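Labels such as "partly exposed" or "edge-to-face" rest on cut-offs. Let us ask how each one is earned here.

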Amino acid sequence: MEEKEISQAVISRLPRYFRYLGELRDQGIERVSSQELSDIMKVTASQIRQDFNNFGGFGQQGYGYNVEYLFQEIGKILGLDQNHNLIIIGAGNLGQALANYGNFERRGFLFRGVFDRNPQLYGKKIRDVEVQPMEQIEQFVKSNNIDIAVLAIPKTEAERVAEQLVGYGIKGIWNFAHVDLNVPEEVQVENVHLSDSLMKLSYNINRFHAGGDGRSDIPQ
Ligand code: NAI
């Protein structure tokens, strides 16, 4: 299939459509109009139609979209119609929290292994998966068809470990370390920085409260 270049802005909205459609589907709702979706999602109906038109419009008819079909199609676009095997590098606070969160599996992200360089953690079980030493990672990635690595290690280590993983054939890195990784273009990186989201929240709080007297509490 020939693929048209879709903007990242559209792609970043797809998981949210997918989530809401999943909820409608779970409620047994079979059809939804762009206006109804707009009301639930707080996105304009024209934005929704524009987004969907990038993919041929998903066959909206007079009475709206077929929820199941739309859910499946957006899932396919997001690559969720196939499973992804993932490993976590770094079994510290964050790595363990991610490993303990079972919900990613509902979307086909299967937690296969966790690795660390601290011998005190080797053998520790997180949801039936044992922490393994880094020395075993190459063999593990190659023999378990691992396509995604989650980086939950210090930023000073991230670049080197990412390079290693790329060499083993990893296709995607979910990067929590606060560093921009240099990887070949065939390897996809998704950075997740919770603090960015928190700073955005801070900005919006400030902007809202500055509305009255314009006063800022930030020390000069
Ligand atoms: P932590 O210190 O609890 O855990 C880090 C783990 O990585 C330790 O178990 C350590 O032994 C292991 N490690 C260090 N170097 C390694 C290497 N070369 N190979 C394998 N394992 C290695 O730290 P925490 O709190 O879990 O944070 C981990 C990373 O995630 C840090 O870079 C932190 O800044 C980042 N972080 C990012 C967040 C985000 O929103 N992006 C949120 C929280 C943490």
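The turns below set values from this predicted model against the rules behind the labels.

Q: Why is Tyr101 called partly exposed?
A: Tyr101 has a relative accessible area of 42%. Buried means under 20% and exposed over 50%. The value for Tyr101 falls in between, so the label is partly exposed.

Q: What makes the pair of Tyr101 and Phe104 edge-to-face?
A: The ring centres are 4.7 Å apart, with 70° between the planes. Pairing needs centres within 6.5 Å, and edge-to-face needs planes over 60 degrees apart. Both conditions are met, so the label holds.

Q: How do you know that Phe104 and Trp174 also form an edge-to-face pair?
A: Their centres lie 5.5 Å apart and their planes stand at 85°, so the pair meets the edge-to-face rule.

Q: Why is this pair said to tie together separate parts of the sequence?
A: Phe104 sits in the loop between α5 and β4, while Trp174 belongs to strand β8. These parts are 70 residues apart in sequence, so the pair links them.

Q: Why do Phe104 and Trp174 not count as buried?
A: Phe104 has a relative accessible area of 26%, and Trp174 has 25%. Buried means under 20%, so neither qualifies. Both are partly exposed.

Q: Which residues have the most contacts inside the largest nonpolar core?
A: They are Ile87, Ile89, Ile137, Leu151 and Leu165, in a core of 22 residues. The largest share, 5 residues, comes from α7.

Methods: Residues are numbered from 1 along each chain as its sequence is written. This is a predicted model: local features need pLDDT of at least 70, side-chain atom pairs count only at pLDDT 80 or more; totals for chains, interfaces and linings use all residues. Side-chain values use heavy atoms; hydrogens and water are left out. A nonpolar core is a set of buried Ala, Val, Leu, Ile, Met, Phe, Trp, Tyr and Cys residues joined through side-chain atoms within 4.5 Å. Buried means under 20% relative accessible area, exposed over 50%, partly exposed in between (1.4 Å probe, protein chains only). Helices (H or I, at least four residues) and strands (E, at least two) are DSSP runs, numbered from the N terminus. Rings of Phe, Tyr and Trp (its six-membered ring) pair if their centres lie within 6.5 Å; planes under 30 degrees apart count as stacked, over 60 as edge-to-face and the rest as tilted.
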